[in-house]
Amino acid sequence: MNPGASIDSIKGVGDVTAEQFRKAGIRTVYDLILTLPRDYEDFSNVGRIADIQPGSVTIKARCESVSTRPVRRGMRITTATLSDGTGKINAVWFNQPYREKQLKTGEEFVFTGVFEFSYNRYQLTNPSAEKAAELPKEQHQLMPIYRMVQGLKVPLLRKLLTELKPLMAMLPETLPGFIVQKEKLMARGDAVLAMHFPGEKDRLEKARERWAFEELFSLMLASQLNRQEMSRLEGYSLQFDQKIVRDFVQHLPFELTNAQRIAAWDILQDFQKPTPMNRLLQGDVGSGKTVVAGLAARQAAHAGYQSAIMAPTEILAIQHAETLNNLLSPFGVRVGLLTGSVKGAARKALYDAIESGEVDVVVGTHALIQETVHFAKLGFVVIDEQHRFGVAQRQALLSKSEKMPHLLAMTATPIPRSLALTVYGELDISILNERPKNRKEIMTKIWSPNSRPQLYALIDQQIKEGRQAYVICNLIDDNPDNERKSVEAEYKRLNVGEFKHRRIGLLHGKLKPAEKEAVMRQFAAGDIDILISTTVVEVGVDVPNATVILIEDADRFGLSQLHQLRGRVGRGAHQSYCYLMVSSSKAPSQRLKEVEKSNDGFYLAEVDLSLRGPGEIYGRAQHGELNLQVANLADAKMIQRAQRSASQFLESGEDLLQYKQLAKDVERYQRLTTLN
Ligand code: ADP
Ligand code: MG
């Protein structure tokens with residue numbers, strides 16, 4: 001059998017099974033082999049119920065009784081009594097009603113889960129349950145767990161993989177030989193075999209190490225190749241004009257921070273090079289990215305080039321256009337605003353001005369990338385909140401220039417260094433890690449529900465003084481099991497309760513974009529005192545008069561997200577406050593205390609990365625597309641190893657195309673991670 005053969009050529013795979021596999025994206029024998037376990041369960045130390053201690057446990061037991069009852073709002077709880085002859089424990093599953101049928105068979109199961117104190121008693125919460133008889137004998141220690149393929153039975157999957165064992169062992173090496181040697185990596189075939197059929201932990205570790213290395217090596221190679229390709233492109237070289245830049249800086253109503261100076265310097269240096277700039281400007285919320293972009297646009301205009309600045313929403317675009325107009329019009333630089341709301345004759349006139357070069361700086365939304373927009377001489381592209389745009393959209397804007405324009409991508413999401421290397425490896429990075437001097441530190445405080453009235457009094461006091469407040473709640477109809485509040489309920493509650501004398505606004509993801517923008521605009525204009533919102537509240541929106549943010553159920557958010565939300569306030573000269581309301585009166589978690597202690601987005605991002613992994617930080621979608629099966633983007637050491645090897649490979653002069661599979665993987669990563 002060959003790995004490229006279709007899945008139904010395996011003995012035991014009929015039409016139905018093949019279809020199920022195909023639905024899960026598994027089409028060939030090779031696809032199946034490379035569907036690696038997502039985790040392992042350790043059955044090497046099955047314990048006795050009599051000896052059980054709180055924490056992770058594995059027991060072998062039968063179910064004595066089991067029942068399912070509805071609780072509230074569609075939630076169902078299945079409880080069971082498990083016994084192994086030495087004692088009994090309770091197990092509980094949430095929304096897994098099929099457990100009842102599974103356990104009623106009376107067979108012996110191996111349960112793995114956490115034994116913990118909750119709902120006033122000790123119990124095993126959401127344990128996995130594997131039929132003891134089905135546990136493969138020869139791998140009695142570690143058992144691989146596969147992501148579920150709808151309708152497919154795990155024993156069949158194991159049987160098929162067992163048949164494919166000889167094929168796995170023969171899988172050809174994909175990495176260059178000298179790298180395998182130098183890094184002392186397990187051979188590819190052995191690694192795949194070991195991951196599906198792990199014996200000892202050591203062997204599995206070596207196998208996973210090899211796989212993680214391969215994934216990261218491909219990723220790093222992709223970004224280095226993207227970088228090389230960029231460096232071969234011809235761009236516009238814009239001469240640095242010291243007088244122009246100095247005039248601009250002297251005209252500012254404030255002093256640039258050092259970080260802003262350095263970032264601006266980096267950009268102006270890049271502008272002079274014959275190759276296009278490809279730079280990411282990372283700066284915490286409120287760190288002042290816009291003025292840096294404005295300075296660069298000033299220099300570009302002086303050199304005779306237009307700038308395009310794209311923002312993800314209309315309100316952000318309007319805000320940028322106003323800011324930039326204030327900064328640039330004193331120097332005769334003309335700023336235009338192009339959004340969906342600019343219609344009819346006004347739109348036509350703007351198109352003409354862009355095409356004739358009458359407008360120097362065009363700020364806009366996605367409207368900028370429409371085919372009808374033609375620039376006279378686009379030399380500089382800024383993409384704000386870059387992660388909110390897809391590759392195709394960035395590409396569309398860049399392609400409006402004859403040669404590749406200089407690109408400045410901006411983001412307020414601090415990304416730990418190791419992560420930035422993998423995903424933004426092809427970019428040069430500038431960081432604004434300094435707050436403008438006139439800002440007061442935001443005061444952050446964890447708050448317990450018992451003291452809600454006192455907190456509301458504090459918030460009301462701020463409003464009395466003319467300030468505004470945000471109240472952030474979790475998503476509508478999210479998991480009803482916990483104490484989350486829906487924004488709508490909160491809106492109703494506060495409207496008749498504590499804040500009935502205040503003007504309250506409501507913002508959530510179910511509103512239409514235009515409705516959202518309208519609410520945001522009202523808030524920005526000061527027509528709303530308290531904005532109750534889910535996390536959709538716009539990241540870049542600058543409402544300096546808002547000085548309080550209350551985050552409900554703060555313990556349900558990630559650190560980076562809390563920090564982002566906190567950045568809605570503290571944008572003006574007034575002292576600002578962030579209140580983290582915990583969902584119960586239990587002692588607050590270490591994570592929340594970190595947010596209370598630190599105002600440093602980069603620090604919190606590092607902590608978040610180590611606690612929750614990378615998916616949470618830079619968007620699940622993008623992370624998901626990379627489809628890393630084993631590699632951990634939080635593993636800075638491994639990333640460095642892969643980085644070094646990728647450089648060595650490129651320096652070795654070997655041809656990537658001679659490594660077919662590797663070249664294919666690298667090509668895919670290049671497409672996924674490129675900004676151009
Ligand atoms: P962000 O990096 O979040 O996009 P902005 O560019 O919106 O930040 O800047 C936030 C606010 O800070 C703006 O009102 C801007 O005018 C102001 N600002 C920018 N740089 C400085 C500085 N160096 N000193 C004082 N205020 C500044
Ligand atoms: Mg901004």
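**Domain 2, domain 3 and the ligand site**

In this predicted model, the centres of domain 2 and domain 3, taken over C-alpha atoms, are separated by 32 Å. The contact between them draws on eight residues from domain 2 and eight residues from domain 3. These two domains belong to a protein chain that is divided into three parts: domain 1 covers residues 44-135, domain 2 is assembled from 242-272 and 287-411, and domain 3 spans 443-598.

A closer look at the interface helps to fill in the picture. Domain 2 and domain 3 bury about 680 Å² between them, and carbon and sulfur atoms contribute 55% of this area. On the domain 2 side, the residues that lose the most area to domain 3 are Ile315, Leu316 and Gln319, which together account for 61% of what that side buries. Sorted by class, the side of domain 2 that touches domain 3 consists of three nonpolar, two polar and three charged residues. Despite the charged residues on that side, zero salt bridges are found across the interface of domain 2 and domain 3. Polar contact is found there for two residue pairs, both at pLDDT 80 or more.

Attention now turns to the ligand. Ligand 1 is surrounded by 18 residues, and the closest are Glu255, Gly286, Lys289, Thr290 and Arg439. Two nitrogen contacts can be described for ligand 1: a backbone N or O atom of Glu255 lies 2.8 Å from a nitrogen atom of the ligand, while Gln260 places a polar side-chain atom 2.9 Å from a nitrogen atom of ligand 1. Ser287 also takes part through its backbone, with an N or O atom 3.5 Å from an oxygen atom of ligand 1. Taken alone, ligand 1 exposes 570 Å², and the protein buries 85% of that area.

Note on methods
Residues are numbered from 1 along each chain as its sequence is written. Chains are lettered from A and ligands numbered from 1 in the order in which they are written. This is a predicted model: local features need pLDDT of at least 70, side-chain atom pairs count only at pLDDT 80 or more; totals for chains, interfaces and linings use all residues. Side-chain values use heavy atoms; hydrogens and water are left out. Domain bounds come from an automatic or database domain assignment. Contact means heavy atoms within 4.5 Å. Buried area is the accessible area (1.4 Å probe) that two parts lose on being put together, summed over both. A salt bridge is a side-chain nitrogen of Lys or Arg within 4 Å of a carboxyl oxygen of Asp or Glu. A polar contact is a pair of N or O atoms within 3.5 Å; within protein, one must be able to donate a hydrogen and the other to accept it, and residues adjacent in sequence count only if both atoms are side-chain atoms. Ala, Val, Leu, Ile, Met, Phe, Trp, Tyr, Cys and Pro count as nonpolar, Asp, Glu, Lys and Arg as charged, and the others, Gly among them, as polar. A residue is near a molecule or strand if one of its heavy atoms lies within 4 Å of it. Accessible areas come from the Shrake-Rupley method with a 1.4 Å probe; for residues, only the protein chains shown count as cover.
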